[in-house]
Amino acid sequence: MYDVSIIIVNWNTRELLAKCLRCVQETIQQVSYEVFVVDNASTDGSQELVRQEFPAVRLIANAENVGFARANNQAMQVAQGRYILLLNSDAFVKPGTVDTMVQFMDAHPEAGLSACKLLYEDGRLQRSCASFPTLATELYIALGLDKLFPRSPIFGAYQMTDWDYGDTREVDVIMGAFMLARAEAVQQVGLLDEQFFMYSEEVDWCYRFQRAGWKTYFHPQAEAIHLWGGSSRAIKTESLIRLYRARVQFFRKHYGGFQAGLYKALLGLNA
């Protein structure tokens with residue numbers, strides 16, 4: 001058994017993937033690990049890159065784009081780590097990041113999920129935690145109140161803009177770019193919901209972990225660079241539509257059809 005199984009889902013991000021894999025190889029010093037790349041039918045030579053330059057990586061080559069959730073699940077079903085790290089191909093871990101996060105999880109057996117601090121390429125903080133979405137938080141966003149009063153714990157609740165990310169704390173949601181899960185907890189909670197093709201699958205997972213009694217932590221003593229949107233920049237409009245559809249799906253699944261309908265009405269405010 002490994003300490004951690006690292007799973008990277010890739011779709012046409014060959015150069016980013018290469019950098020991501022090199023960062024993994026060069027920065028992990030203390031824990032044992034295995035790496036999976038699940039490629040969703042890339043056409044940019046990503047699969048050839050993995051086979052030729054990273055022969056130790058276990059490549060799962062899909063014949064079609066099966067989505068983020070299903071691709072991660074393919075690797076999770078055969079992963080042998082005590083922990084499972086979902087890592088985006090456009091996320092680059094720093095020296096000691098994975099080691100530190102595994103140590104953190106070992107010291108917090110109540111933690112089912114955890115995340116490190118994410119930074120933009122220029123070193124700015126990337127807000128990677130959130131509260132669970134509600135009709136109230138979505139209304140504040142639709143009215144722009146979160147932008148007008150970012151320091152308000154009420155209006156800025158969804159993106160937690162009143163917080164400087166300077167301390168370790170329990171949170172509702174962590175971004176899927178770097179999501180470390182306890183394998184034991186995954187066995188209890190279940191895999192990612194494959195009904196979410198892209199977006200909100202991590203929100204759904206965090207929600208299910210919390211309902212099962214596991215805690216989700218943010219730990220700023222470990223950092224990674226995240227470019228954000230490496231594989232979705234080329235399809236920006238389609239990605240935005242999927243984002244909103246996934247949010248409606250989350251509301252329907254966890255809050256019921258009535259609230260999902262009200263959320264759809266709120267979306268009209270942003271139209």
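Trainee: Why is Leu-240 called partly exposed?

Mentor: In this predicted model, Leu-240 has a relative accessible area of 45%. Partly exposed covers the span between under 20% for buried and over 50% for exposed, so 45% puts Leu-240 in the partly exposed class. As for its place, Leu-240 sits in helix α9, which covers residues 236–255.

Trainee: What makes the nonpolar surface patch that includes Leu-240?

Mentor: Leu-240, Leu-243 and Tyr-244 make it, with an area of about 240 Å². A patch residue needs over 30% relative accessible area, and Leu-240 meets that with its 45%.

Trainee: Let's turn to charges. How do you know that Arg-124 and Asp-122 form a salt bridge?

Mentor: Their side chains come to 2.8 Å, N to O. The cut-off is within 4 Å, so the pair qualifies at 2.8 Å. In general, side chains of opposite charge can pair when their charged atoms come close.

Trainee: Why do Arg-124 and Asp-122 get separate exposure labels?

Mentor: Asp-122 has 55% relative accessibility, and it counts as exposed because the limit for that label is over 50%. Arg-124, at 48%, counts as partly exposed.

Trainee: What makes the pair Glu-138 and Arg-247 a link between parts of the chain?

Mentor: Start with the salt bridge itself: the closest N and O atoms are 2.7 Å apart. Glu-138 belongs to helix α5 (residues 135–142) and Arg-247 to helix α9, so this pair ties together parts that are 109 residues apart in sequence. Both partners, Glu-138 and Arg-247, are buried. Arg-247 also appears with Ala-246 among the contacts of Ser-200, once neighbours within four places in sequence are left aside.

Trainee: Why is Ser-200 called buried?

Mentor: Its relative accessibility is 5%, and buried means under 20%, so the label follows for Ser-200. Ser-200 lies in the loop between α7 (183–189) and α8 (201–211).

Trainee: What makes α8 mostly covered?

Mentor: A count by residue: nine of its 11 residues are buried. Among them are Trp-205, Cys-206 and Phe-209, along with the charged residues Asp-204 and Arg-208. Just after α8, Gly-213 has a positive phi of about 100°.

Trainee: How do you know that Asp-167 and Arg-169 meet in a salt bridge?

Mentor: The N to O distance is 3.6 Å, and the limit is within 4 Å, so Asp-167 and Arg-169 pass. Both count as partly exposed, Asp-167 with 31% and Arg-169 with 29%. Elsewhere, salt bridges that share partners join Asp-193, Asp-204, Arg-208 and Lys-253 into one network. The whole structure holds 12 salt bridges.

Trainee: Why is Arg-182 said to have no salt bridge?

Mentor: The nearest side chain of opposite charge is that of Glu-184, at 5.2 Å. A salt bridge has to be within 4 Å, so at 5.2 Å Glu-184 does not count as a partner of Arg-182. Arg-182 is nevertheless buried, in strand β11 (residues 178–182).

Trainee: What polar partners does Arg-182 have?

Mentor: Its side chain makes a polar contact of 3.2 Å with that of Tyr-83, where the limit is within 3.5 Å. A polar atom of the Arg-182 side chain also lies 2.8 Å from the backbone oxygen of His-108. Other residues in contact with Arg-182 include Met-105, Pro-109 and Trp-214.

Trainee: How do you know that Pro-220 is buried?

Mentor: Its relative accessible area is 8%, and under 20% is what buried requires. Pro-220 is in strand β12 (residues 215–226). Its C-alpha is 6.4 Å from that of Asp-167, although the two are 53 residues apart in sequence. Pro-220 also contacts Tyr-165, among others.

Trainee: What makes the phi of Tyr-165 worth a remark?

Mentor: Most residues other than glycine have a negative phi. Tyr-165 has a positive one, about 60°, and is not a glycine. It lies in the loop between α6 (145–148) and β9 (169–170), and with 0% relative accessible area it is buried. Ala-41 also has a positive phi, near 60°, in the loop between β2 (33–40) and α2 (46–53). At 22%, Ala-41 is partly exposed, because buried would need under 20%.

Note on methods. Residues numbered from 1 in each chain as written. Predicted model: local features only at pLDDT ≥ 70, side-chain atom pairs only at ≥ 80, totals over all residues. Heavy atoms only, no water. Helix = DSSP H or I, 4+ residues; strand = E, 2+ residues; numbered from the N terminus. Buried < 20%, exposed > 50% of the residue type's maximum accessible area, 1.4 Å probe, protein only. Lys, Arg positive; Asp, Glu negative; His and termini not counted. Polar contact = N/O pair within 3.5 Å; in protein donor to acceptor, adjacent residues only side chain to side chain. Contact = heavy atoms within 4.5 Å. Patch = residues over 30% accessible without salt bridge, like charges linked within 9 Å, V, L, I, M, F, W, Y side chains within 5 Å. Areas by Shrake-Rupley, 256 points an atom, 1.4 Å probe, with all protein chains shown as cover.
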